[in-house]
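Subject: Structure handover

Hello,

Here is the structure I promised to pass on. Please load it first, then read the notes below.

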Amino acid sequence: MSSVILLLFITSSLIISFIKKQNPFELYLDGCKDGLNVFKSIFTNLLAMMLTITFLRYSGLLEAIEGVFREIFDYIGLQVQLIPLFLIKPFSGSGGLAVLNDLYYNYGVDSPVSFIATIIQSSSDTMFYIFALYFGVTSVKNYRYALKYAWIGVISSFVLAIIAAKTFF
C-alpha cells in the first residue's frame, strides 16, 4: 500500500510540475538543497546531545548521580533497579530501551520492576532530544519556561506510571 501511495505522490508531482511549466528536476534539486540545510542544522544539535550522553556514561557521573537517587528510592519504597531508566530516559530514547531490555533480561518481563519500567518507557519522551532538535532548528534562545514545564511533564509521567503500575500490578 505504501509503495502505491509513493508512486501516486511522485506521479502527481510530475504532472503538476508539467502543468505549471516548471522543470521537475530543478525543483527536486532545490528540495534536496533545502533538506541538506535542515540536516546540517539538526545534526550539530544531535551530535552535541549524543556526545553529552556518552560523556555522562563513561565519566562515571551517571553512577554518582545514581547513588544520590538510591537513597530517595529506598525512602519512598521504589525499586532501585529503576534508577538508570529515570536518569537516562529524559536524555536518550535508545538508552532507555537498552535499560528496559536489561531489566527484562535480569528480572523477567512479568516482574513488578519490568512492569513499571515498561509504563515509564512508553509514557514519557526524551525531553533533551526534543529540546536539542526543535529549539536548535528554530533558533529559540529563551526557553526557560519550556524547560521547567518539560521537567514537570517528565516527572509527572514517571509518577503516574508508578501509580498505575502499583494500582494494576
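**I72 and the surface patch**

I72 is partly exposed, because its relative accessibility is 44%. Please keep in mind throughout that this is a predicted model. I72 sits in helix α3. It is also one of the residues behind a nonpolar surface patch of about 820 Å². The other residues in that patch are F55, L61, I65, V68, F69, Y75 and I76. Which helix gives the most to the patch? Helix α3, residues 61-76, does, with seven residues.

**Overall layout**

The chain has eight helices and zero strands. Read from the N terminus, the order of elements is α-α-α-α-α-α-α-α. The radius of gyration is 22 Å, while the globule rule gives 15 Å for 169 residues, so the chain is more spread out than a compact globule. The C-alpha trace spans about 70 × 40 × 30 Å along its principal axes.

Some totals for the chain follow. Of its 169 residues, 26% are buried. The exposed area is about 11,600 Å². Carbon and sulfur atoms supply 69% of that area. Take the contacts between residues at least 6 apart in sequence: 60% of these join residues at least 24 apart.

**The nonpolar core**

In soluble globular proteins, nonpolar side chains tend to be buried together. Here the largest nonpolar core holds 25 residues. Which of them touch the most other members? They are L82, F86 and I120. Six helices are named as giving at least two residues each: α3, α4 (83-88), α5 (93-107), α6 (112-123), α7 (127-138) and α8 (144-168). The largest share comes from α8, with six residues.

F86 is a good place to start looking. Leave out residues up to four places away in sequence, and F86 touches F73, I120, F158 and I162. I120 is thus a contact of F86, and I120 is also listed with F86 among the residues that touch the most other core members.

**S114**

Is S114 buried or exposed? S114 is buried, because its relative accessible area is 0%, and the cut-off for buried is under 20%. S114 belongs to helix α6. What does S114 contact beyond its neighbours within four places in sequence? The contacts are L100, L103, Y104, Y107, G108 and V109.

**L36**

L36 is in helix α2, residues 24-59. L36 counts as exposed because its relative accessible area is 53%, and exposed means over 50%. For a sense of distance, take L36 and T118. They are 82 residues apart along the chain, and their C-alpha atoms are separated by 36 Å.

**K21**

One backbone angle deserves a look. Most residues other than glycine have a negative phi. K21 is not a glycine, yet K21 has a positive phi of about 60 degrees. Where is K21? It lies in the loop between α1 (2-19) and α2. K21 is exposed, because its relative accessibility is 77%.

**In short**

The patch draws most on α3. The core draws most on α8. S114 is buried in α6, and K21 is exposed in the loop between α1 and α2.

Best wishes

Conventions
Residues numbered from 1 in each chain as written. Predicted model: local features only at pLDDT ≥ 70, side-chain atom pairs only at ≥ 80, totals over all residues. Heavy atoms only, no water. Patch = residues over 30% accessible without salt bridge, like charges linked within 9 Å, V, L, I, M, F, W, Y side chains within 5 Å. Areas by Shrake-Rupley, 256 points an atom, 1.4 Å probe, with all protein chains shown as cover. Salt bridge = Lys/Arg side-chain N within 4 Å of Asp/Glu carboxyl O. Helix = DSSP H or I, 4+ residues; strand = E, 2+ residues; numbered from the N terminus. Buried < 20%, exposed > 50% of the residue type's maximum accessible area, 1.4 Å probe, protein only. Core = buried A, V, L, I, M, F, W, Y, C linked by side-chain atoms within 4.5 Å. Contact = heavy atoms within 4.5 Å. Rg over C-alpha atoms; globule rule 2.2 N^0.38 Å.
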